[in-house]
Amino acid sequence: MNISLFTKKNTTASIWSGGLTYEYMIFPETANYIDRDFLFRISSATIEKVPSEFTQFLGYHRYLVMLDNDLDIEINKAKKLYEKYEIMEFKSNDDVTSYTKGIDFNWMVSEKINHHKLKITTSKQNCNAEIIVLFSIDTTVIKINEKPYDLKPHDLLVIENPEKENVILDFSNKCLFGILDF
């Protein structure tokens, strides 16, 4: 089992049409965002321009969570409103226009991967997924098999668990909790 911490302060900004994007992780490490050859990518973006057209990616499922605001959005011409921390799921090739400024969490998963899920939790979790994604919404302590990890707001812990060992997680605060099996 390999546990990696990706801190918000160590991410580097890139420009997208509506603001800035901060990549935390791309998997596998040899993948390239431009080539669209990744199995998954975790990032956070600022939406600074209204309206903003989301970048499209053929062949990806996407989870998006607003971290500081509600999200007034149009998906394939249908208007929707997502509350702060509500998980939005869509295909990355959908036509998506945001009418809200703010900061989001973004997890893109290749459609080649059948089993993935994201939720918000504060309760103890017990899982054996191959990849476990833990994103702190606020300052929090996450215990992984009783070992504590201190996270600042918008830090990311990723557990690579190819042997599918049982992992017990305990959260001191609300976090995004994602699982993925290849």
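# A tour by selection: strands, charges, cores

Start at glutamate 160, which sits in strand S17, residues 156-160. The model on screen is a predicted one. Show the side chain of glutamate 160 and look for a partner: this residue is buried yet has no salt bridge. The nearest side chain of opposite charge belongs to lysine 164, and it is 14 Å away. Next, display what surrounds glutamate 160. Leaving aside residues up to four places away in sequence, it touches Met1, Asn2, Met25, Phe27, Glu130 and Ile131.

**The six-stranded sheet**

Switch to a cartoon view and select S2, S3, S4, S11, S6 and S9. In that order they make up an open sheet of six strands, with antiparallel pairing. Which strands stand at the edges? They are S2 (13-16) and S9 (87-91); each has a single partner strand, so one side of each is left without a neighbour in the sheet. Looking across the sheet, the twist from one strand to the next averages 30°.

Now keep S4 and S11 and hide the rest. Strand S4 covers residues 40-47 and strand S11 covers residues 102-110; the two pair in the antiparallel sense over eight bridges. One bridge to pick out joins arginine 41 to methionine 108 in S11.

**Arginine 41 and its partner**

Stay on arginine 41 and turn on side chains. Which residue forms a salt bridge with arginine 41? The partner is glutamate 23, with the closest N and O atoms 2.7 Å apart. The pair links distant parts of the chain, since arginine 41 is in strand S4 and glutamate 23 is in strand S3 (residues 19-27), 18 residues apart. Is arginine 41 buried or exposed? Its relative accessibility is 4%, so it counts as buried. Glutamate 23, at 31%, counts as partly exposed.

This is one of the salt bridges in the model; the count comes to three.

**The S7-S8 hairpin**

Select residues 71-75 and 78-82, which are strands S7 and S8; they pair in the antiparallel sense over five bridges. Within this pairing, isoleucine 73 has lysine 80 of S8 as its bridge partner. The two strands form a hairpin with two residues between them. In the turn, check the backbone of asparagine 76, where phi is positive at about 50°.

Add the side chains of glutamate 74 and lysine 79. They meet in a salt bridge, at 3.3 Å from N to O. Glutamate 74 has a relative accessible area of 15% and is therefore buried, whereas lysine 79, at 64%, is exposed.

**Lysine 164 and aspartate 181**

Return to lysine 164, named at the opening stop, and add aspartate 181. Their side chains meet in a salt bridge of 3.4 Å, N to O. Lysine 164 lies in the loop between S17 and S18, and aspartate 181 lies in strand S19 (residues 175-181), so the pair ties together parts that are 17 residues apart in sequence. Lysine 164 is partly exposed, with a relative accessible area of 36%; aspartate 181 counts as buried at 12%.

**The four-stranded sheet**

Select S13, S18, S15 and S16. They form an open sheet of four strands in that order, again with antiparallel pairing. The edge strands are S13 (125-127) and S16 (147-151), each pairing on one side only. Here the twist averages 20° from one strand to the next.

Isolate S15 (residues 140-144) and S18 (residues 167-171): they pair in the antiparallel sense over three bridges. To find one of them, pick lysine 143 and its bridge partner in S18, aspartate 170.

**The cores**

Finish with the nonpolar side chains. How many residues does the largest nonpolar core have? It has 21, and those with the most contacts inside it are Phe40, Ile42, Phe105 and Trp107. At least two residues of this core come from each of S3, S4, S6 (60-66), S11, S14 (131-136), S17 and S19.

Centre the view on tryptophan 107 and show its contacts. Not counting residues up to four places away in sequence, they include Phe40, Arg41, Ile42, His61, Arg62 and Tyr63, along with Lys117, Leu118, Val133, Gly178, Ile179 and Leu180. Arginine 41, the salt-bridge partner of glutamate 23, is thus back in view.

For the last selection, take Ile142, Leu157, Leu169 and Cys175. These are among the 16 residues of a second, separate core.

Methods:
Residues are numbered from 1 along each chain as its sequence is written. This is a predicted model: local features need pLDDT of at least 70, side-chain atom pairs count only at pLDDT 80 or more; totals for chains, interfaces and linings use all residues. Side-chain values use heavy atoms; hydrogens and water are left out. Two strands pair if DSSP finds at least two bridges between them. Axes are lines fitted to C-alpha atoms, for helices over the stretch in contact, and angles run from 0 to 180 degrees between N-to-C directions. Buried means under 20% relative accessible area, exposed over 50%, partly exposed in between (1.4 Å probe, protein chains only). Lys and Arg count as positive and Asp and Glu as negative; His and the chain ends are not counted. A salt bridge is a side-chain nitrogen of Lys or Arg within 4 Å of a carboxyl oxygen of Asp or Glu. Contact means heavy atoms within 4.5 Å. A nonpolar core is a set of buried Ala, Val, Leu, Ile, Met, Phe, Trp, Tyr and Cys residues joined through side-chain atoms within 4.5 Å.
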